[in-house]
Structures are given as structure tokens and as C-alpha cells.
Amino acid sequence: MTLINVYWDPNAADKFIEKIESELEKDNWLNLSISKPENKIIKEDLLPLGPGIILESGGSSGQINLCLHSFENLNMSAIATAEWLDRNSIDPKLSIIFNPLPMNHISGLMPWWRSMLWGAKYIGITPSEMKNPNGLEKN
């Protein structure tokens, strides 16, 4: 098991997603970050078994805290949401998921994670697209 740093750049979201997808099958932990740390943020021998994602969170303190999410827990969350949609007569596979949030945050990561697991269409929205909603029609 290896810890891989993946850097969020809102102007290169497709490359970020490609990097995550390429690492999903490798049983690694991924640190999704907006900065490029000189060293690993956590010793690999301290990581739980199995693959996962590390998100950095400053919260209101501004101090970096690490949030470790196993792929298993992310999958269970996406499955629970799909089951809720099914109970409400909505087929998750037919969903179109729009996401304006950065993927180095759990609220930005989960819409993509759900779309990947469900086979639903995912559309990341850049800050400039948020300022021009009429441009969203091209998606």
C-alpha cells in the first residue's frame, strides 16, 4: 500500500479525475490536496488496511486536520443514497449530477463518487461557469 498525492486544480479537473480513476484499482491511499507537501502527510504504516482517500480539512480553526475515508465507506454512503433515490422512484443511473464544489473536499468528492458507482452522468462545473449559467446548456 502506497500513499499517492493528487493535487486539485479547478482548471484541470478532468486530469484530477483521471488520476483518481487510475489509482482506484491499485489498493492505495490517495491524498487529495490543493497544496504540494514536501513530505508525506502521514506515515504509510499508520494508514488503515485497504484503499482510501485522505482529505485535508482546516475547519474553523485553520489548522490542518486529516480526514481518512476508506473506499468501502465511500461506497456504502453512495449505495445508501442510491437506495434512498430508488425508494423515491428515482433511478440513480439516470441521474445527471452537477457539481460546482472542489473535489479535495468531501462535499465535492461525493457527487463524483456517486456518479462513478451508479454509472450516472457527472458534470463538473467551474467557477466561471457558475457565473454564466446559460453556458451550462453545452453540457
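## Starting at Asn99

Let's begin with one residue: Asn99 sits in strand E5, which covers residues 96–99. Keep in mind as you look around that this is a predicted model. Is Asn99 buried or exposed? Asn99 counts as buried because its relative accessible area is 2%, and the cut-off for being buried is under 20%.

Which residues surround Asn99, once neighbours within four places in sequence are set aside? Its contacts are Ser107, Gly108 and Pro111, together with the run of Tyr122, Ile123, Gly124 and Ile125. His69 makes a useful landmark too: 30 residues separate His69 from Asn99 along the chain, and their C-alpha atoms are 20 Å apart.

## The largest pocket

Asn99 also helps us find the largest pocket, since Asn99 is among the lining residues nearest the pocket's centre, along with Trp8, Ala13, Gly124 and Ile125. In total, 15 residues line this pocket, and its volume is about 190 Å³.

Two elements each give two or more residues to the lining, namely H1 and strand E6 (121–124). Helix H1 contributes the most, with 3 residues. What kinds of residue make up the lining? There are 11 nonpolar residues, 3 polar ones and 1 charged one.

## The nonpolar cores

Now look at the largest nonpolar core, a group of 25 residues. The members that touch the most others are Ile20, Leu30, Leu32, Ile53, Met103, Trp112 and Trp113. Several elements give two or more residues to this core: strands E1 (3–7), E2 (29–33) and E3 (52–57), plus helices H1 (13–24), H2 (71–87) and H3 (106–118). Another core lies apart from this one, with 5 residues that include Trp29, Ile42, Leu47 and Ile54.

Leu32 is a good residue to click on. Beyond its neighbours within four places in sequence, Leu32 is in contact with Val6, Phe16, Ile20, Ile53, Ile54, Leu55, Glu56, Met103, Asn104 and Leu109.

## How confident is the prediction?

Across the protein chain, the mean pLDDT is 87, and 93% of the residues reach 70 or more. Which element has the highest mean pLDDT, and which the lowest? Helix H2 has the highest, at 97, while helix H4 (residues 127–130) has the lowest, at 78. As a reading tip, predicted coordinates should not be read in detail where pLDDT is low.

How values were computed. Residues numbered from 1 in each chain as written. Predicted model: local features only at pLDDT ≥ 70, side-chain atom pairs only at ≥ 80, totals over all residues. Heavy atoms only, no water. Core = buried A, V, L, I, M, F, W, Y, C linked by side-chain atoms within 4.5 Å. Buried < 20%, exposed > 50% of the residue type's maximum accessible area, 1.4 Å probe, protein only. Helix = DSSP H or I, 4+ residues; strand = E, 2+ residues; numbered from the N terminus. Contact = heavy atoms within 4.5 Å. 1 Å grid on protein atoms, 1.4 Å probe; cavity = no way out; pocket = protein on both sides within 12 Å on 5 of 7 lines; lining within 4 Å. Points joined across faces, edges and corners; volume = space filled by probe spheres on them. Nonpolar A, V, L, I, M, F, W, Y, C, P; charged D, E, K, R; others polar. pLDDT = per-residue confidence, 0-100.
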